[in-house]
Amino acid sequence: MLFELREVGLVRGGRRVLDSVDAEIPAGATAIVGPSGAGKSTLLRLLNRLADPDEGAIDFRGRPLDSYDPLALRREVSLVPQLPALLEGTVESNLEYAAGLAGKEEVDAGRCLGLAGLDPEFAGRDVSKLSVGEQQRAMLARALVQEPAVLLLDEPTAALDRAARDAIEATLARLREELEISLVLVSHDPEQARRLGEWVVRIEEGRVTDAGPLAEVLA
Amino acid sequence: MTTSIHLSLGQVAAALALVALAAAISFWRGADLERDIGVATLRSFVQLTLVGYALKLIFEADTLWLVFALLAVMVVFGALTARSRAKRVPGAFWPLLIALAVAGAATLGLVVALGVFEATPRYLVPVGGMVIGNAMTASAVALNRLGDEMAESRARIEATLSLGATGEEAGRPFVRRALRSGMITLIDSTKTTGLIFFPGTMVGMLLAGASPTDAVRLQLVLLYALLGSVSIAALTATGLAHRNFFSQAHQLREL
């Protein structure tokens, strides 16, 4: 099992965001679904320790998550946020920054951009000149530079129109085929979960209401 | 030093005519600042009069311990004042206290060691006051900016942390901007000094009858000392305070 959550609880600003969450997330493609404000994004942030739960425990590959060095963990379990948040500069300088953090001396920018569905000529573009969809792909390329084992994707198409959404989904499906990479995807859209997920965890009001193979949960 | 100016209390009171003019303009234009002008006038009178007597005592006692005690009080009050302007920075007091203390000690220590000033109360108290006052303003501006930048850039900082960056690495661009904003005012005013305005020390010395060359030299020494102390203070305050935004596990704290 990739992740195992037991009795996970989290309170923020006096509100219980996650309540006794028990869930298993296997390798492959998992979709975390549920209405807005259900706690999906918060749960995702716990998986690479951008936040820690107030209660309960999380295991990653059978070991407690907090026994991993958080910096090394985040390079192995990379989170791509809902809204693009690149560093100032060019796409290439962003890729080089990520490579530097992962201790890589050379970046195959063309390959990473290609995997994320961007033409290699985007490398020299200033990130402030990119559309939201292009920035989202640049974020994906930046994460792929570090060759993570798991990609955590927080509503990766929420800010995009339908054509851009379809393109990103096709990219993610291709990534699954070409790389040995697991995806954990947060989505408010059950149809997207159907298109991309193999395993589904459904959350409502901070509690897991259903979890299992796609065919069983979203039958 | 000889002084050619001796002002009576009556002369000081006559200058209040200008305060009355300011209050009248405020009233006429509906700026609603009359009360603030009154409070500012009264406070400046009381505070400066008390400081005047305190300085008289300290100069007459001629002991460095009293000087250090006074400077320590200035550092503590400076840190408390600056903290109120850096509300979005968690635990800002200690970084500010250390920044002001280091800036004051390093600047005064250097000007004394280089023989610019003698280590006597007459030099250390006014120069120390200027150094700590300017260091306070610079570090307050820098931390105020740091707090705003960190709050407004949460998404970008967390995205950088997600790549395995340390808190320090993720916060670096914002620390850099905060540092610049803390130092830029004094740098700009140093650039234009003598062209657009005459700085206070020089004006004071000229009024007191010193030669213009002496006045300029002293002013230059003070400007350079202030540049040094402001840089040290802003650097120390931002360098220490930005760590408070992150947990041990390099997580951006909820503010």
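Read from the N terminus onward, chain B of this predicted model follows the pattern α-α-α-α-α-α-α-α-α-α. Its secondary structure amounts to 10 helices and zero strands. The C-alpha trace of chain B spans about 65 × 55 × 35 Å along its principal axes. Of the 255 residues in chain B, 36% count as buried. When contacts in chain B between residues at least 6 apart in sequence are considered, 71% join residues at least 24 apart.

Chain A and chain B are in contact through 25 residues of chain A and 17 residues of chain B. Between them the two chains bury about 1800 Å², with 52% of this area on carbon and sulfur atoms. On the chain A side, A:Leu50, A:Leu71 and A:Arg74 supply 28% of the area buried against chain B, more than any other three residues. Nine residue pairs are in polar contact across the interface of chain A and chain B. Elements of chain A that each supply at least two residues to the side touching chain B are α2 (70-76), β6 (77-80), α3 (91-101) and α5 (132-145). Of the chain A elements, α2(A) gives the most to this side, with four residues. By class, the side of chain A that touches chain B has 14 nonpolar, three polar and eight charged residues.

Four salt bridges are counted between chain A and chain B. In one salt bridge, B:Arg177 pairs with A:Glu88, and the closest N and O atoms are 3.0 Å apart. Within chain B, the side chains of B:Arg145 and B:Glu149 also meet in a salt bridge, at 2.9 Å from N to O. Both B:Arg145 and B:Glu149 lie in helix α6 of chain B, four residues apart, or about one turn of the helix. B:Arg145 counts as partly exposed at 33% relative accessibility, whereas B:Glu149, at 8%, counts as buried. Salt bridges with shared partners join A:Glu88, B:Arg145, B:Glu149, B:Arg156 and B:Arg177 into one network.

Over all chains, the whole structure contains 24 salt bridges. Among them is the pair A:Arg6 and A:Asp59, with an N to O distance of 3.2 Å. This pair links distant parts of the chain, 53 residues apart: A:Arg6 is in strand β1 (residues 3-12) of chain A and A:Asp59 is in strand β4 (residues 55-60) of chain A. A:Arg6 is partly exposed, with a relative accessible area of 35%, while A:Asp59 is buried, with a value of 13%. A further salt bridge joins the side chains of A:Arg61 and A:Glu76 at 2.4 Å, N to O. A:Arg61 lies in the loop between β4 and β5 (63-64) of chain A and A:Glu76 in helix α2 of chain A, so this salt bridge ties together parts that are 15 residues apart in sequence. Both partners are partly exposed: A:Arg61 has 45% relative accessibility, and A:Glu76 has a relative accessible area of 27%.

The largest nonpolar core has 83 residues, and those with the most contacts inside it are A:Phe3, A:Leu5, A:Leu47, A:Phe60, A:Val150 and B:Leu143. Helix α6 (residues 121-152) of chain B gives the most to this core, with 13 residues. Leaving aside neighbours within four places in sequence, the contacts of A:Leu47 include A:Phe3, A:Leu5, A:Ile25, A:Leu73 and A:Val184. Another core, of 46 residues, lies apart from the largest core and has A:Leu101, A:Leu153, A:Ile181 and A:Leu196 among its residues.

Terms used. Residues numbered from 1 in each chain as written. Chains lettered and ligands numbered in written order. Predicted model: local features only at pLDDT ≥ 70, side-chain atom pairs only at ≥ 80, totals over all residues. Heavy atoms only, no water. Contact = heavy atoms within 4.5 Å. Buried area = accessible area lost by both parts, 1.4 Å probe. Polar contact = N/O pair within 3.5 Å; in protein donor to acceptor, adjacent residues only side chain to side chain. Nonpolar A, V, L, I, M, F, W, Y, C, P; charged D, E, K, R; others polar. Core = buried A, V, L, I, M, F, W, Y, C linked by side-chain atoms within 4.5 Å. Buried < 20%, exposed > 50% of the residue type's maximum accessible area, 1.4 Å probe, protein only.
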